[in-house]
Amino acid sequence: MNLSLMNRYAFYAFCVLFTLFSLPWLEKVWGLTLVTAWLSAIGTLDLLQPRQAVRRNYPILGNLRYLIETIRPEIRQYLLENDSDPLPFSRAQRSLVYARAKNEVADKPFGTLSDVHGAGFEFIGHSIRTAPHSDPSSFRVSIGGPQCRQPYGASIFNISAMSFGSLSANAIRALNRGAKLGNFAHDTGEGSISRYHREYGGDLIWELGSGYFGCRDEQGRFDPQRFAQQAVDPQVKMIEVKLSQGAKPGHGGILTRHKITAEIAATRGVPMDPGLRITGQPRQLLHAAGAAGIHRSVARAERRQAGGLQAVPRPPVGVHGNRQGHAQDRHPAGFHRDRWQGRRHRRGTAGVH
């Protein structure tokens, strides 16, 4: 026990004693005295604070633990991470995105560092009968049935749902400008349509989830009039109704108070002061009558009807992969629900489609 105490407090004791005994020779060793006095003050604060046991039991040295924890992501990224570790994107993938964003040549010399003989390696087979080049503008899918007044020819490549709030204003601007230039759709995510989505006029898919952001009343219920005002905007080409929280199936999420800025509150139509508990499912829209009521609300409110309703059937057990594709930090989730509840991407996608 005494040896343990000596080991734990030895460095702190050395700093204190050196500071005291070096005072008569301060002119010669003032630099070291200043350092040890500063460390002694830190050690004293560590002993007196009641919140962190590591600092209290290992004064001065215990702070190294928290310092290393702080820089752990950078150590992993720059020193330990492999170029092909996909968590969530590999360094090779990020480098490709960076190069293309800067309009630099992203081509690499022929060859690969991947283990092509490893289990699970995927490849595309060559063909001696090449297909003729196709016009990229023809890669469209028509969405909207006979009752839809304005069907939409959607691109097969679109921007997945990421909300304003999870992404910054500049990120939303960049994504929507890309959608405009590429003639494809930009999914707003569950956080509704912000003013940054409208700056460049790119096609929008408005995602409507269990929080009814952008079309909720003061009690948090679905408001048909507010919905109609958003839905008839010419920029809104489709409406996606998310029938369950992908990350928290059946439980819902929490929009914490510190995340609600004035701009986010105005965009989502929520009060600023309290945090919000988001239900697991939009219960007013779960049955067919509720979904049909969306169309009737639009038809009654305006002369024209917005493009078709796209209902994404997420089962009660959830599709874990869909959470990854959407705004990842939309609402906090518990450790066990976030990591293990819900199906894996491939099984979930097969179950939905």
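Hi everyone, let me open with one pair: the side chains of Asp-46 and Arg-55 are joined by a polar contact of 2.7 Å. Before I go on, please keep in mind that what we have on the screen is a predicted model.

So where does Asp-46 sit? Asp-46 belongs to helix α2, which covers residues 26–48. Is Asp-46 buried or exposed? Asp-46 has a relative accessible area of 0%, so it counts as buried. If we skip the neighbours within four places in sequence, the residues in contact with Asp-46 are Arg-55, Arg-56, Pro-59, Ile-60 and Asn-63. Arg-55, then, shows up both in that contact list and in the polar contact I began with.

Let me zoom out for a moment. The protein has 353 residues, and 35% of them are buried. There are twelve helices and eight strands. Taking contacts between residues at least 6 apart in sequence, 59% connect residues at least 24 apart. The exposed area of the protein is about 22,900 Å², with 59% of it supplied by carbon and sulfur atoms.

Now to the nonpolar side chains, beginning with the surface. There is a nonpolar surface patch of about 1,200 Å², and among its members are Phe-11, Phe-14, Tyr-58, Leu-61, Leu-64 and Tyr-78. Two elements each give two or more residues to the patch: α1, residues 2–21, and α4, residues 63–80. Which one has the largest share? That is α4, with eight residues. Take Leu-64 as an example: Leu-64 is placed in helix α4, and with a relative accessible area of 45% it is partly exposed.

For contrast, let's go inside. In soluble globular proteins, nonpolar side chains tend to be buried together. Here, the largest nonpolar core is made of 13 residues. The ones with the most contacts inside that core are Trp-206, Leu-208, Cys-215, Phe-222, Phe-227 and Ile-239. As for elements, β4 (204–208), α7 (224–231) and β5 (236–242) each give two or more residues to this core.

Next, the charged pairs. Side chains of opposite charge can pair when their charged atoms come close. How many salt bridges does the model have? The count comes to nine.

My first example is Glu-190 with Lys-242, whose side chains form a salt bridge at 2.8 Å, N to O. This pair links distant parts of the chain, 52 residues apart: Glu-190 is in the loop between β3 (186–187) and β4, while Lys-242 is in strand β5. Both partners are inside: Glu-190 is buried with a relative accessible area of 1%, and Lys-242 is buried with a relative accessible area of 1%. There is a third partner to mention as well, since Glu-190, Glu-207 and Lys-242 are linked in a network of salt bridges.

The next example is Glu-263 with Arg-195, a salt bridge at 3.2 Å, N to O. Here again the pair links distant parts of the chain, with Glu-263 in helix α8 (residues 262–268) and Arg-195 in the loop between β3 and β4, 68 residues apart. Glu-263 is partly exposed at 30% relative accessible area, whereas Arg-195 is exposed at 51%.

One more salt bridge, and then I'll move on. Asp-217 pairs with Arg-221, and the closest N and O atoms are 3.2 Å apart. Asp-217 has 15% relative accessibility, so it counts as buried, while Arg-221 is partly exposed at 47%.

Let's stay with α8 for a last stop, at Thr-267, which is found in that helix. With 12% relative accessibility, Thr-267 counts as buried. A polar atom of the Thr-267 side chain lies 2.9 Å from the backbone oxygen of Glu-263, the residue we just met in the salt bridge with Arg-195. Leaving out residues up to four places away in sequence, Thr-267 touches Phe-164, Gly-191, Ser-192, Ile-193, Ser-194 and Gly-214. How far apart are the C-alpha atoms of Thr-267 and Gly-191? They are separated by 7.6 Å, with their places 76 residues apart along the chain.

Finally, a quick look at Leu-96 in helix α5, residues 91–101. Leu-96 is partly exposed, with a relative accessible area of 30%. Leu-96 and Lys-108 are twelve residues apart in sequence, and their C-alpha atoms are 9.9 Å apart in space.

That's my tour, thanks for listening!

How values were computed:
Residues numbered from 1 in each chain as written. Predicted model: local features only at pLDDT ≥ 70, side-chain atom pairs only at ≥ 80, totals over all residues. Heavy atoms only, no water. Helix = DSSP H or I, 4+ residues; strand = E, 2+ residues; numbered from the N terminus. Buried < 20%, exposed > 50% of the residue type's maximum accessible area, 1.4 Å probe, protein only. Polar contact = N/O pair within 3.5 Å; in protein donor to acceptor, adjacent residues only side chain to side chain. Contact = heavy atoms within 4.5 Å. Patch = residues over 30% accessible without salt bridge, like charges linked within 9 Å, V, L, I, M, F, W, Y side chains within 5 Å. Areas by Shrake-Rupley, 256 points an atom, 1.4 Å probe, with all protein chains shown as cover. Salt bridge = Lys/Arg side-chain N within 4 Å of Asp/Glu carboxyl O. Core = buried A, V, L, I, M, F, W, Y, C linked by side-chain atoms within 4.5 Å.
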